[in-house]
Amino acid sequence: MNSILVTGGAGFIGSHTVVELYKAGYTPVIIDDFSNSHPKVLQGIESIIGEAPIFYQGDCSDVQFLISVLAKHPDICGCIHFAAFKAVGESVLNPLKYYQNNIGSLSVLLNALREYKITQLVFSSSCTVYGQPTSLPVDENASIEHANSPYGYTKQVCERMICDVHASVKGLSSAVLRYFNPIGAHASGLIGELPLGTPDNLVPFITQSAAGLRDGLTIFGNDYNTPDGTCIRDYIHVVDLAKAHVAALTWTNNNPNSCEAFNIGTGKGNSVKEVIDTFELVNDLKLKVAIGERRPGDVEQIYASGLKAKELLKWTPELSLADALIDAWRWQQNLSVEA
Ligand code: UFG
């Protein structure tokens, strides 16, 4: 009983987690519909782990498809549910797409887990559930704020759905992971982030600018109430984040009938300007940077208290911002060579 269903396992965080699951002795069973990922990620995983990962192409909100995969793998004992849409701006323009996919797929999945007596669930949530916290670092007891976007609201609803199901049935154990800002790539340079179209997020925009794929980088506002005026986030290396999922699976195994939320961050805030400066320093590059307007919906600053994850999951991040920015640039250069 060591197979783990990984929905969205070809995505950025999913693919790195698949690698860490292998390293920890699990057999990941990936499902992904490639709606926001690329089949070549599977080759990258194969090159790292030395064998082709088990993979099924499909949409996990499709009941028949999901059941067919579970029926083929009766040794699946847990699930890590990544598959969801995640673009804040798009969710404002097309909220129903987000409600249908993010909430619909979790509902289908929870039913299927119950039917197949799968008792361990690790769910991808986001620090977006906190909005702008009143005190920092933010811990898991902070209030859940009014969501700024349909995307953020789907994460709040999904967290609530898991709690409600947990209260109603015995057997399920769930770890809800509230990610801060995942960045970086696998040190091999074989897997990393593959944003389709213009990236929304800071680090892919930086690496694409450095590669000459973008004209230049705009800092969205330098008049915030922070030391250098730019927004502060908690940037976590994706490999550390992937390892947190393995730790969370162990926790769900050791703590039956439990349901807890965990912050997964570094505990350290860095400003947009610090990220750009660090990228330039560690990669010996100079970026073309302009100052622009504030981006609507951005919170001024947020960073995690990681005490609960450290205590209960026995997990702490090991890699630095510099490590992440070196790895992200290596990955971007490999992509540019392939293109
Ligand atoms: N930023 C820029 N220029 C850019 C891109 C981003 O200045 O070209 C700034 C943003 O304004 C923000 C910071 O860089 O201050 C980080 O922005 P990201 O878009 O990389 O990350 P966010 O913190 O906005 O969002 C991320 C995830 C969301 C998640 C959220 C939780 O992308 O899915 O964290 O806070 F909900």
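Here is a friendly exchange about a predicted model and the reasons behind some of its labels.

Me: What makes S5 and S6 a pair of strands?

Reply: Two strands pair if there are at least two bridges between them. Strand S5 (residues 120-126) and strand S6 (residues 173-179) have seven bridges, in the parallel sense, so they count as a pair. One of the bridge partnerships joins Phe123 to Val176 in S6.

Me: Why are S3 and S11 said to stand at the edges of the sheet?

Reply: The seven strands of this open sheet follow the order S3-S2-S1-S4-S5-S6-S11, with parallel pairing. Strand S3 (54-57) and strand S11 (259-264) each have a single partner strand, so one side of each is left without a neighbour in the sheet. From one strand to the next, the twist averages 20 degrees.

Me: What makes H6 a helix that lies across S5, and at what angle does it run?

Reply: Contact here means heavy atoms within 4.5 Å. Helix H6 (residues 150-168) lies across S5, S6 and S11, and runs at about 155 degrees to S5. Angles are taken between N-to-C directions on a scale from 0 to 180 degrees, and helix H8 (residues 238-254) is set at about 160 degrees to S6 on that scale. Helix H8 lies across strand S1 (3-7), strand S4 (76-81), S5, S6 and S11.

Me: How do you know that Arg295 makes a polar contact with the ligand?

Reply: A polar contact needs a pair of N or O atoms within 3.5 Å. A polar side-chain atom of Arg295 lies 2.8 Å from an oxygen atom of the ligand, so the pair qualifies. For Phe220, a backbone N or O atom lies 2.9 Å from a ligand oxygen. For Tyr151, the distance from a side-chain N or O atom to an oxygen atom of the ligand is 3.5 Å. The protein covers 89% of the 680 Å² of accessible area that the ligand has on its own.

Me: Which residues are the closest in the shell around the ligand, and which element gives the largest share?

Reply: The ligand is surrounded by 19 residues, and the closest are Asn201, Thr218, Arg233, Arg295 and Asp298. Strand S8 gives the largest share, three residues. Helix H7 (202-210) and strand S8 (217-220) are the elements that give two or more residues to this shell. By residue class, the shell divides into nine nonpolar, five polar and five charged.

Me: What makes the peptide bond between Leu136 and Pro137 stand out?

Reply: The bond is cis, with omega at about -5 degrees. Pro137 sits in the loop between S5 and H6.

Me: What is notable about phi of Asp284?

Reply: Phi is near 55 degrees, a positive value in a residue other than glycine. Asp284 is found in the loop between helix H9 (272-283) and strand S13 (289-292).

Conventions: Residues numbered from 1 in each chain as written. Predicted model: local features only at pLDDT ≥ 70, side-chain atom pairs only at ≥ 80, totals over all residues. Heavy atoms only, no water. Helix = DSSP H or I, 4+ residues; strand = E, 2+ residues; numbered from the N terminus. Near = heavy atom within 4 Å. Polar contact = N/O pair within 3.5 Å; in protein donor to acceptor, adjacent residues only side chain to side chain. Areas by Shrake-Rupley, 256 points an atom, 1.4 Å probe, with all protein chains shown as cover. Nonpolar A, V, L, I, M, F, W, Y, C, P; charged D, E, K, R; others polar.
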